[in-house]
Structure formats: structure tokens, C-alpha cells
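Visitor: Could you take me on a close look at a single part of this protein? I would enjoy one connected walk through it.

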Amino acid sequence: MRVALAQINPVVGDLLGNATRILQGLDSLIETTGRQPDLLVTPELSLWGYPPRDLLFSPTHLQRQREALDTLRSGLAARQSDIALLVGVADPADDALHPALYNAITLVQVGGDQVVARKQLLPSYDVFDETRYFRPSRGAGQITLHNGDRNWRLGITICEDLWVDQELHGRRLVGPDPVADLIPARIDALINCSASPFGRRKAALRRQLAARAAQRLGCPVVYVNQVGGNDELVFDGASFVMGSNCETPLLQLPDCREAIQIWNAADRAPSAANQSTVTQRIQAEQQEMEALFRTLVTGVKDYAGKCGFQNVLLGLSGGIDSALVAVIAAAALGSDQVQTLLMPSPWSSEASLADALNLADRLGITHTIVPIETLMDGFQTTLTPALESVPSGVTAENLQSRIRGTLLMAMANQQGQLLLTTGNKSELAVGYCTLYGDMNGGLAVIGDLYKSTVFALCQWIDSSEASLCRKDLSLPAEGALIGSAILEKPPSAELRPDQKDSDSLPDYDRLDPLLIDMIEHRLSGQQLITAGHDPEEVQRIESLFRRAEFKRRQAAPLLKVSAQAFGSGWRLPIAAV
């Protein structure tokens with residue numbers, strides 16, 4: 001039994017296009033290997049792309065699903081193929097109750113298609129909201145395929161249905177244990193169709209969960225994950241086959257790119273070639289910064305591409321945040337598709353301007369300098385009569401940011417570019433950002449990176465450990481990209497003379513651990529103090545944090561890479577105590 005793992009990058013809502021991508025992947029596999037699989041497995045909701053959200057309420061899209069399934073069947077017939085496909089679909093229930101759908105897997109063959117599995121555990125935590133659209137199923141999915149001189153009994157689960165080991169996964173949902181339900185069936189292999197977004201150290205956890213399921217069932221586990229960016233979520237792929245008696249995957253697919261590979265179910269030990277791939281994959285995981293960097297690059301590339309943008313624009317200040325975004329954008333789209341705007345004010349240092357220009361030269365990206373002093377004078381002259389005083393303090397600082405934001409939006413509009421914002425998570429948490437100013441843009445690339453993580457990632461980018469990754473992503477492989485001048489500079493918004501972030505905020509080595517405990521661990525004020533944080537800082541930062549909620553609600557979509565990001569998984573009220 002030859003099983004093909006089809007790690008595809010679907011476009012959300014493009015059901016006919018996604019069906020075509022599946023067939024094209026099959027053609028590419030056959031052309032490359034000269035072999036046909038008996039079964040091709042695709043990710044969860046592979047015809048829709050994950051997450052389809054309220055497109056699932058659209059009758060038009062449900063009709064297109066039927067057309068997409070017909071496309072798959074006719075495609076198999078045209079290829080005179082007896083290959084079976086496992087495809088992720090939304091399965092309408094046979095009543096009028098709500099929710100009206102099941103998250104399901106359909107078996108597609110030349111002779112027809114039928115639903116063979118429905119998801120039992122529906123996540124509704126963090127970014128997931130499946131109970132809004134789907135009803136839970138009862139009973140595990142199974143199919144039997146005849147190959148050669150024997151029948152192969154395959155169990156089928158969908159994503160969360162594998163996450164049932166409380167010891168490994170502390171967020172186990174209330175409900176059945178789909179793995180346990182399959183034990184009496186004595187299946188030959190378990191297939192799990194997933195759409196599991198990137199998370200730090202998450203790939204290793206997936207393998208551990210699969211290994212535990214393989215041990216319980218006494219058979220291999222085939223895990224097929226979606227790859228690519230869809231809005232704020234980035235799926236890292238890294239599909240694999242895990243045997244029941246080994247810790248090393250029998251087959252390992254790469255992360256952050258499409259891939260289709262065949263696993264022969266008769267093989268119960270990893271091949272030498274696969275062993276090398278597995279070793280490289282795990283080594284890359286152990287270097288967390290590389291996994292994080294590749295994920296952000298994938299997120300920018302797909303967000304731009306799927307939204308119809310060929311090139312991007314960002315403001316380049318000479319600071320570390322905009323430098324990191326510029327590097328990510330160049331890796332995602334190519335240096336020739338990245339434009340930067342430098343907008344010095346009277347408070348911008350000559351060193352910062354030089355640092356920005358040097359970075360642009362190292363990356364080979366275009367840059368334009370537009371000084372804003374004249375615009376600042378114009379706003380001051382215009383507003384002074386109405387205010388009966390000269391704009392000062394935070395008002396004057398925010399005016400600079402809003403002038404820059406307006407210039408960036410104007411250029412992006414005129415040139416049809418995607419504007420990337422450059423703010424980090426620490427700033428967004430405490431409101432150290434300006435609405436309709438530096439928050440302007442269509443994507444917040446590093447909006448889920450604390451400032452300390454920004455520094456760590458930039459240090460890795462400039463290290464020798466990153467050279468192979470940089471080369472693979474068509475960045476200069478040798479020498480510094482960020483540069484010591486930017487890395488060693490004290491963080492500053494440069495909106496007034498000699499300004500530093502530390503004038504208004506605790507140093508980031510104290511602020512970020514406090515924010516992590518507030519945001520990701522949800523600790524209260526007294527709990528934060530008990531955990532060792534300074535009481536005065538706790539009180540001040542908690543106040544800033546609450547007051548900034550209205551800004552976060554209006555921020556650009558950000559790429560989620562942490563356990564708790566600001567975005568669809570963050571649902572605090574604005575008007576609250």
C-alpha cells in the first residue's frame with residue numbers, strides 16, 4: 001500500500017482551484033517518482049483552505065464544493081487512475097438544526113465520493129472557533145482499501161482528534177477519545193488530516209502525540225498537515241509518518257513549503273535518505289530562531305500573494321524593528337519587490353539615517369528619503385490658533401508618527417503596494433504606538449514578537465548559524481544583515497530630543513517577562529507580584545495594558561507565532577474594568 005502525503009498550500013475559499021492543486025500535485029508526484037500511490041491524503045478542509053470562517057455559511061461555496069468534488073472525480077477518470085483521494089470537506093447535516101455542518105473527510109474515487117470520517121473534537125479556544133460552524137461527530141472513521149493480496153484497514157481522524165493525551169497536551173478537550181475508539185478495530189494505520197498552525201516547539205509535540213497514538217494502536221500514524229499562510233495563521237506543514245516502535249519518523253516532509261511524498265506501508269523502518277531529512281528537520285527545530293524566521297517569511301509571502309500584492313512598502317527608521325521587517329520582506333518576496341521610505345524629522349539622528357541606508361544597501365532594496373520637518377511646521381502653524389497653544393508633548397510626538405503614516409499610506413495607495421507595519425508585541429501591549437500613524441498598514445509582521453525576541457532573532461540572523469537558511473531564502477549568506485550599529489543601539493522612537501524607550505517603559509529584560517505572565521499566563525496583579533515582578537511596575541504596566549485595548553482592536557492583522565497573540569484569539573472588551 002503506497003500512501004502519498006500531500007502537504008498542500010490551499011487558498012481559502014478557492015474550492016475549484018484547490019481541487020486543481022490536488023490533481024497537479026498528484027501529477028507532479030507521478031512525474032517525479034514514476035510511481036502512482038494507492039491513496040493520496042490531503043489536510044483538513046483541504047478543499048476550503050483552513051480556516052474558511054464564515055465562508056462556511058455561503059450556499060455558493062457549498063455548491064462549489066460539489067463542483068470541486070466532481071472535478072476531482074473527472075480528473076482521476078481523465079488520468080485513467082484508480083487512485084483514491086482523502087479530501088477535507090464541509091459535510092452538510094441532514095436536518096435544519098444549527099450548526100448545519102460536519103468537519104469531514106471524503107473518499108474520492110473514479111466511481112464516486114463518500115464521507116468516511118467526521119471530526120469529533122471541535123476546538124473553540126484561542127484562534128479556533130469550530131463550534132460556530134460544525135457539530136461534533138460520534139464514532140471513528142474507517143475505510144478498507146484492497147491492494148495486492150490483502151485488505152488494508154485504515155482509521156481516520158481529523159486534527160484535534162489526535163490531541164487526546166492529557167499528559168502531553170494539557171488542553172485536552174472534553175469529549176470522546178477517538179484513538180481509543182479505534183483500538184478494537186485493529187487497524188493497519190491511522191491517518192490524521194490536520195490544519196495545525198505553527199507554534200514554538202509544537203512540531204515536536206505533534207510527533208510525540210502521534211508516537212503515543214501509534215503505541216496505543218500498534219500501527220503507524222500518517223500525519224498530513226496544511227502548509228502556508230492564511231491571514232494571521234501560518235501553517236508549517238512538517239507532515240510525517242510515525243511508526244509504533246520508534247521515536248524517529250518513518251517519513252518526514254519539510255516545513256514551510258509544499259511537498260508530496262510516498263510512504264510504503266510495508267516499510268516499518270526509516271530509510272537512510274529519510275533519516276538524513278529527519279535529522280536536519282529536528283536540528284532546525286532545535287534552533288528555534290530558524291523555525292520562527294521561516295514561519296514569518298512564509299506568512300508575509302502568502303499574505304501578500306493571496307491578497308494580490310506583488311510588492312511591499314515599509315518605513316525604515318534605522319531601528320531594529322523596521323530592520324527585521326525589511327529582512328523578512330526581502331526573504332519573502334525578493335529584494336526587488338521591497339521599497340522603503342525614510343522620513344527623518346529634526347529629532348532623527350544622523351546615525352539612524354545612516355544605519356537605515358546601510359541596511360537598505362546590504363539587502364539591495366530601494367529607498368526614498370522624504371524629510372518631514374516642513375510638514376511638521378505646517379501642522380503646528382495650522383493647529384496653534386485652534387489649540388491656542390503650540391502642539392506639545394505626546395500630541396506633537398503623535399503628529400510626527402501620523403505624518404509618516406499618511407505618507408506611507410499615500411505611497412502604498414499610489415503604487416499598489418502592501419504596507420507592512422513594523423511595531424512589536426511589547427509596544428502593542430502597552431500602547432507604545434500611534435493609531436493612524438506607525439500602526440498604519442495591512443500586515444503587522446512582528447506584532448507577535450516581544451522586543452526581546454526581536455533582538456534574539458536579529459542576533460541569530462547575523463550569526464554564522466543562519467548562513468544556510470539565508471542562502472536558501474536568497475538573502476546574502478555572508479556578513480551581517482542587521483549590523484552591530486542597529487543591534488547595539490538603545491531602542492528609541494526618536495520623536496523628541498535624546499528620547500529612549502527606557503524613558504517611558506521598564507527595560508525590556510524586565511518588561512517582556514512581565515508581559516508574558518500577563519498575556520500568555522493570564523496572571524492577575526497580585527499573582528504577578530507573587531511571581532517576583534516589581535509591584536510599582538505591575539501597577540503601571542497593568543494600567544497601560546488595559547488602556548491600550550482600543551488600539552489593539554484597530555491594529556493590522558498580525559502573524560501569530562506565540563501561544564497567545566493579539567488577534568482573533570484575543571477577545572477582551574474595551575469598555576471594562
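Which strands does helix α1 lie across, and at about what angle does α1 run to β14?

Guide: Happy to show you, with the reminder that this is a predicted model. Helix α1, residues 15–33, lies across β1 (2–7), β2, β3 and β14. Its direction makes an angle of about 60° with β14.

Those strands belong to an open sheet of 6 strands, so let us walk along it: the order is β5-β4-β3-β2-β1-β14, and the pairing is mixed. At the edges stand β5 (112–118) and β14 (259–264); each has a single partner strand, so one side of each is left without a neighbour in the sheet. On average, neighbouring strands here are turned by 35° against each other, direction ignored.

Further inside the order, β2 (residues 39–41) and β3 (residues 84–92) run parallel and are joined by 3 bridges. Within this pairing, Leu39 is found opposite Ala84 of β3.

A second helix also packs on the sheet strands: α2, residues 59–78, lies across β3, β4 (101–109) and β5. The angle between α2 and β4 is about 20°.

From here we can follow the aromatic rings. The model holds 10 aromatic pairs. One of them brings together Phe57 and Tyr133, with ring centres 5.2 Å apart and planes at 45°; that angle falls between the limits of 30 and 60 degrees, so the pair is tilted. Phe57 sits in the loop between β2 and α2, while Tyr133 sits in the loop between β5 and β6 (141–147), so this pair links distant parts of the chain, 76 residues apart. Are the two partners buried or exposed? Phe57 is partly exposed, with a relative accessible area of 39%, whereas Tyr133 counts as buried at 9%.

Another pair, Tyr223 with Phe240, is stacked: the centres are 4.9 Å apart and the planes differ by 10°. Tyr223 lies in strand β9 (residues 221–225) and Phe240 in strand β12 (residues 240–242), 17 residues apart along the chain. Both partners are buried, Tyr223 with a relative accessible area of 0% and Phe240 with 1%.

There is also an aromatic cluster, made up of Tyr50, Tyr125, Phe128 and Phe235.

To finish, two rings have a charged side chain over the face. Arg552 lies over Phe545, at 4.3 Å from the ring centre, and Lys425 lies over Phe566, at 5.9 Å from the ring centre.

Terms used
Residues numbered from 1 in each chain as written. Predicted model: local features only at pLDDT ≥ 70, side-chain atom pairs only at ≥ 80, totals over all residues. Heavy atoms only, no water. Pairing = 2+ DSSP bridges. Helix = DSSP H or I, 4+ residues; strand = E, 2+ residues; numbered from the N terminus. Axes fitted to C-alpha atoms, helices over the stretch in contact; angles between N-to-C directions. Contact = heavy atoms within 4.5 Å. Phe/Tyr/Trp six-rings, centres within 6.5 Å; stacked < 30°, edge-to-face > 60°. Buried < 20%, exposed > 50% of the residue type's maximum accessible area, 1.4 Å probe, protein only. Lys NZ or Arg CZ within 6 Å of the ring centre and 35° of its normal.
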